[in-house]
Amino acid sequence: MINKLKQAFQVKEIRKKLIFTFLMVVVFRMGTTIPVPGIDTSIIKNMVESNSLLGLYNMFSGGAFSNFTIFALGIGPYITASIIIQLLTAGFESLKELQKSGEEGKKKISKYTRLTALALAIIQAVGITLGIVRSALKVNSSFFIFTVIITLVAGSMMVMWLGDRITEKGIGNGSSMLIFVGIISRLPVDIIAIQEKASIGALKWPAIVTVIVVVLITITGVTFINESTRKIPVQYAKRVVGRKMYGGESSHIPMKVNQSGVMPIIFASSILALPQTIALLGGPKVQAAVNSFFNLATDKGFWTYRIVEIVLIVLFSYFYNTISFNTEDITKNMKNSGGFIPGIRPGNPTEKYLNGILSKLTIVGAAFLGIMALIPALITHYMHIPVNFGGTSLLIVVGVALELKRQLESNLVMKNYQGFLK
């Protein structure tokens, strides 16, 4: 990875992308330190520490929520909006056709996603303001509450804009990159907390060593499953055009075990943040009911949360794989170019064959991701280790790092080819 970065900085175009991404990340981190005016952040921090769901929300926002900064909502509303629009696109033919209609259609889909993100940001801002600010700070000023809501919504739209700019002009997926930065920024806090507990004897060294070993195993496992690929052989029939013969070559279709990458994990985490927003809108009784099911400090809440999380990861893996790997289009392209899979008839039999393989690979990849998310969480929960850097966040960090590596490699390959052609 370090060698790739050195090579990338030697190429002007890639260096610009890296610097641009870095600057956008700096702006994002600056926004996570500017508090909303008139808020006593110590009260919010105490609420986050006593509520495990708010603690998870805080982790993905890079600590912006506990400090109640202008970026307290983070990228969450945009991620949730993306899920909603993709689900609607899969269910409604009009949206599906719009997505296939080229660049103009994609712009309209992107517009719908942003509008949905704005609506969700308003709902979350109202829930947080009424549920936390008014009840905790005992503030009844309508102007003050309106100001807080507008500030939170504007901050969320700013984070969405930063993510879009990174995707467009930088390296990697902007939304994933901001979540990655937010999680990494909390790592020093976890290390300090572990050191303090170890120094007073509340945490034994065998437990710390166990966590380190589990983290290393998880990183190795996620890297292995993300890089694993099944190659489906494809043979192209020979064709005679004039005096020349075309085709006859052998190729393959690369089908990754984890086609969807880190997106199902991010989607699952975003969905699991919704119950807390609903609870804040519903008042103290609803909050108590939600916490009784999802309080990670208790065994009941821990297992309820983790089971729902694993189920969501599996479901979103299937959904995202269907979108990212369209077997119908691949089958048509193969048929039009005279390609076929040895032993499989072209057309519908080929599509069914690819769908069968995709389903098997998806269940293996999704189950593996679920296990990798569960094991670190089990260790930290039952050993009472004070870390926010759990299984889900670890999977996101590793997945985004691998995706960034692939982006750098593809940019370097493109630049090398351009240089060769010139």
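User: Why does D164 count as buried?

Analyst: In this predicted model, D164 has a relative accessibility of 11%. Buried means under 20%, so D164 at 11% counts as buried.

User: What makes the contact of D164 with R114 a salt bridge?

Analyst: The closest N and O atoms of D164 and R114 are 3.1 Å apart. A salt bridge requires a side-chain nitrogen of Lys or Arg within 4 Å of a carboxyl oxygen of Asp or Glu. An Arg and an Asp at 3.1 Å meet that rule, and the pair is therefore called a salt bridge. Side chains of opposite charge can pair when their charged atoms come close.

User: Where do the two partners D164 and R114 lie in the chain?

Analyst: D164 belongs to helix α8 (residues 142-169) and R114 to helix α7 (residues 103-137). The two are 50 residues apart, and the pair links distant parts of the chain.

User: Is R114 buried, partly exposed or exposed, and what shows it?

Analyst: R114 has a relative accessible area of 33%. Partly exposed covers the range between the 20% and 50% limits, so R114 at 33% is partly exposed.

User: How many salt bridges are counted in total?

Analyst: The count comes to 3 salt bridges. One of them joins R165 and E168, with N to O at 2.6 Å, which satisfies the 4 Å limit. Both residues lie in helix α8, 3 residues apart, about one turn of the helix.

User: How do you know whether R165 and E168 are buried or exposed?

Analyst: R165 has a relative accessible area of 17%. That value is under 20%, so R165 is buried. E168 has a relative accessibility of 52%. That value is over 50%, so E168 counts as exposed.

User: What makes E309 and R306 a salt bridge, and where do they lie?

Analyst: The closest N and O atoms of E309 and R306 are 3.1 Å apart. This lies within 4 Å, so the pair qualifies as a salt bridge. Both residues are in helix α15 (residues 299-324). Being 3 residues apart there, E309 and R306 are separated by about one helical turn.

User: Why are E309 and R306 called buried?

Analyst: The relative accessible area is 2% for E309 and 10% for R306. Each value is under 20%, so E309 and R306 are both buried.

User: Which residues does E309 contact, leaving aside its neighbours within four places in sequence?

Analyst: E309 is then in contact with A268, L272, A373 and T392. Contact here means heavy atoms within 4.5 Å.

User: Why are the rings of F28 and F71 called stacked?

Analyst: Their centres are 6.1 Å apart and their planes stand at 15°. Rings pair if their centres lie within 6.5 Å, and planes under 30 degrees apart count as stacked. Both conditions hold for F28 and F71, so the pair is stacked. F28 lies in helix α2 (residues 12-31) and F71 in the loop between α4 (52-60) and α5 (76-91), 43 residues apart. F28, at 2% relative accessibility, and F71, at 4%, are both buried. The count of aromatic pairs comes to 3.

User: What makes α9 mostly covered?

Analyst: Of the 12 residues of α9, 10 are buried. The buried residues include G174, M177, F180 and I183. I184, which also lies in α9, has a relative accessibility of 32%. That value falls between the 20% and 50% limits, so I184 counts as partly exposed. I184 and G62 are 122 residues apart in sequence and 7.8 Å apart in space, C-alpha to C-alpha.

User: How does the span of α9 (residues 174-185) compare with the expected one?

Analyst: From its first C-alpha to its last, α9 reaches 16 Å, close to the 16 Å expected at 1.5 Å a residue. At the start of α9, a side-chain oxygen of N173 reaches to within 3.1 Å of the backbone nitrogen of S175.

User: Why are β4 and β5 said to stand at the edges?

Analyst: The open sheet of 3 strands has the order β4-β1-β5, with antiparallel pairing. β4 (250-256) and β5 (339-340) each have a single partner strand, so one side of each is left without a neighbour in the sheet.

User: What shows that β1 and β4 pair?

Analyst: Pairing requires at least two bridges. β1 (residues 229-236) and β4 share 7 bridges in the antiparallel sense, so the requirement is met. Among these strands' residues, Q235 has S250 in β4 as its bridge partner.

Notes. Residues are numbered from 1 along each chain as its sequence is written. This is a predicted model: local features need pLDDT of at least 70, side-chain atom pairs count only at pLDDT 80 or more; totals for chains, interfaces and linings use all residues. Side-chain values use heavy atoms; hydrogens and water are left out. Helices (H or I, at least four residues) and strands (E, at least two) are DSSP runs, numbered from the N terminus. The expected span of a helix is 1.5 Å times one less than its number of residues. Buried means under 20% relative accessible area, exposed over 50%, partly exposed in between (1.4 Å probe, protein chains only). A polar contact is a pair of N or O atoms within 3.5 Å; within protein, one must be able to donate a hydrogen and the other to accept it, and residues adjacent in sequence count only if both atoms are side-chain atoms. Rings of Phe, Tyr and Trp (its six-membered ring) pair if their centres lie within 6.5 Å; planes under 30 degrees apart count as stacked, over 60 as edge-to-face and the rest as tilted.
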